Amino acid sequence: MDTKDGQSSPPPHRKQAEGSTAAALKTEWRKALVEKRLGLADRGFRNDMLQRVMRVWLIERPDAVIGAYWPIKGEFDPLPALFRWQEAGLEEDAQGAQQHRRIGLPVVNKVDKTLTFYTWYPGCPMEEDAYGIPKPKDTEIVVPTLIFVPCVGYGPGGFRLGYGGGFYDRTLASLNPKPFTVGLGYDFAYLPHLLPEAHDVPLDAILSDTGVMWPERQMPAVEP
């Protein structure tokens, strides 16, 4: 995969095995990918490219409420691109073509470990959740029709490697109708031997700094 920053790709591209070996390999993958993400020398370039991919991809989406996340551990930050999307919606509002667009950030339900999305906007009051991650304070609950999901890694079939907490899988399994889900991650996070477990829910699309990773299709070129 791409290594623009001059660092070697994470070593764990070995095939995933069964049982405890598979769990140990996922732990190894997580560690290697997070370390690489935290040490990126070309983070600004990659972030700019992925934000452009997001903006192009969103042009044809009809959604008025989108869920995202507050970036941690070197994750790509989707909020600047989404704020641009929201501003574009305000321009369309003036023409009567689009209802007001809203962005939601997740808050963990302590009882069932699922996620509820609360309205976020630049400058809105924030507080830390039980995991030390900033969340909106006392804003309105929203129900996204599209959710951007952070990926530590991702593999064939649209399956995602997360941190192992299962929050997104439980949330998506509980929602009806199910929102459209889009993974976000850097191109080097592709794991060709990642195998899904029974509880894993595949994503509907995956975007990276080099384009659409899943499903495999063409999209308009993004100029550097």
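Author: Rings of Phe, Tyr and Trp (its six-membered ring) pair if their centres lie within 6.5 Å; planes under 30 degrees apart are stacked, those over 60 edge-to-face, and the rest tilted. The model is predicted, so local features need pLDDT of at least 70 and side-chain atom pairs pLDDT 80 or more, while totals for chains, interfaces and linings use all residues. Residues are numbered from 1 along each chain as its sequence is written, and side-chain values use heavy atoms, without hydrogens and water.

Reader: How many aromatic pairs does the structure hold, and why is the pair of Trp-57 and Phe-148 called edge-to-face?
Author: The structure holds five aromatic pairs. In this one the ring centres are 6.2 Å apart, which is within 6.5 Å, and the planes stand at 65°, which is over 60, so the pair is edge-to-face. Trp-57 belongs to helix 2 (residues 43–58) and Phe-148 to strand 7, 91 residues apart, and the pair therefore links distant parts of the chain. Helices (H or I, at least four residues) and strands (E, at least two) are DSSP runs, numbered from the N terminus.

Reader: Why do Trp-57 and Phe-148 count as buried?
Author: Buried means under 20% relative accessible area, exposed means over 50%, and partly exposed lies in between (1.4 Å probe, protein chains only). Trp-57 has 10%, so it is buried, and Phe-148 has 0%, so it is buried too. Both rings belong to one aromatic cluster with Phe-180.

Reader: What makes the pair of Tyr-186 and Phe-188 stacked?
Author: The centres of Tyr-186 and Phe-188 are 5.7 Å apart and the planes differ by 20°, which is under 30, so the pair is stacked. Tyr-186 and Phe-188 are both buried.

Reader: How do you know that Lys-36 lies over the face of Phe-188?
Author: A charge sits over a ring if NZ of Lys or CZ of Arg is within 6 Å of the ring centre and within 35 degrees of the ring normal. Lys-36 is 4.9 Å from the ring centre of Phe-188. The charged end of Arg-61 is placed likewise over the ring of Phe-180, 4.4 Å from its centre.

Reader: What makes Asp-42 and Arg-46 a salt bridge?
Author: A salt bridge is a side-chain nitrogen of Lys or Arg within 4 Å of a carboxyl oxygen of Asp or Glu. The closest N and O atoms of Asp-42 and Arg-46 are 3.2 Å apart, so the pair qualifies. Asp-42 is buried because its relative accessibility is 11%, and Arg-46 is buried because its relative accessible area is 0%.

Reader: Which other residue forms a salt bridge with Arg-46?
Author: Asp-209 does, with closest N and O atoms 2.7 Å apart. Asp-209 lies in the loop between strand 11 and strand 12 (211–214), while Arg-46 is in helix 2, 163 residues apart in the chain. Asp-209 has a relative accessible area of 4%, so it is buried. Asp-42, Arg-46, Asp-187 and Asp-209 are linked in a network of salt bridges; the structure holds 10 salt bridges.

Reader: Why do Lys-178 and Asp-204 count as partly exposed?
Author: Lys-178 has 38% relative accessibility, which lies between 20% and 50%, so it is partly exposed. Asp-204 has 28%, so the verdict is partly exposed again. Their side chains meet in a salt bridge at 3.3 Å, N to O.

Reader: How do you know that Asp-129 has no salt bridge?
Author: Lys and Arg count as positive, Asp and Glu as negative; His and the chain ends are not counted. The nearest side chain of opposite charge to Asp-129 is Lys-135, 6.5 Å away, which is not within 4 Å, so no salt bridge is assigned. Asp-129 is nevertheless buried, in the loop between strand 4 (126–128) and strand 5 (134–136). A polar atom of its side chain lies 2.8 Å from the backbone nitrogen of Tyr-131, and the backbone nitrogen of Ile-133 lies 2.9 Å from a polar atom of that side chain.

Reader: Why is strand 10 called largely enclosed?
Author: Four of the five residues of strand 10 (residues 180–184) are buried, so the rest of the structure largely encloses it.

Reader: What makes strand 7 and strand 10 a pair?
Author: Two strands pair if DSSP finds at least two bridges between them. Strand 7 (residues 146–150) and strand 10 share five bridges in the parallel sense, so they pair. One of the bridge partners in strand 10 is Leu-184, set against Pro-150. Strand 10 also runs parallel to strand 11 (residues 205–208), with three bridges, and Gly-183 stands opposite Ile-206 in strand 11.

Note on methods: Polar contact = N/O pair within 3.5 Å; in protein donor to acceptor, adjacent residues only side chain to side chain.
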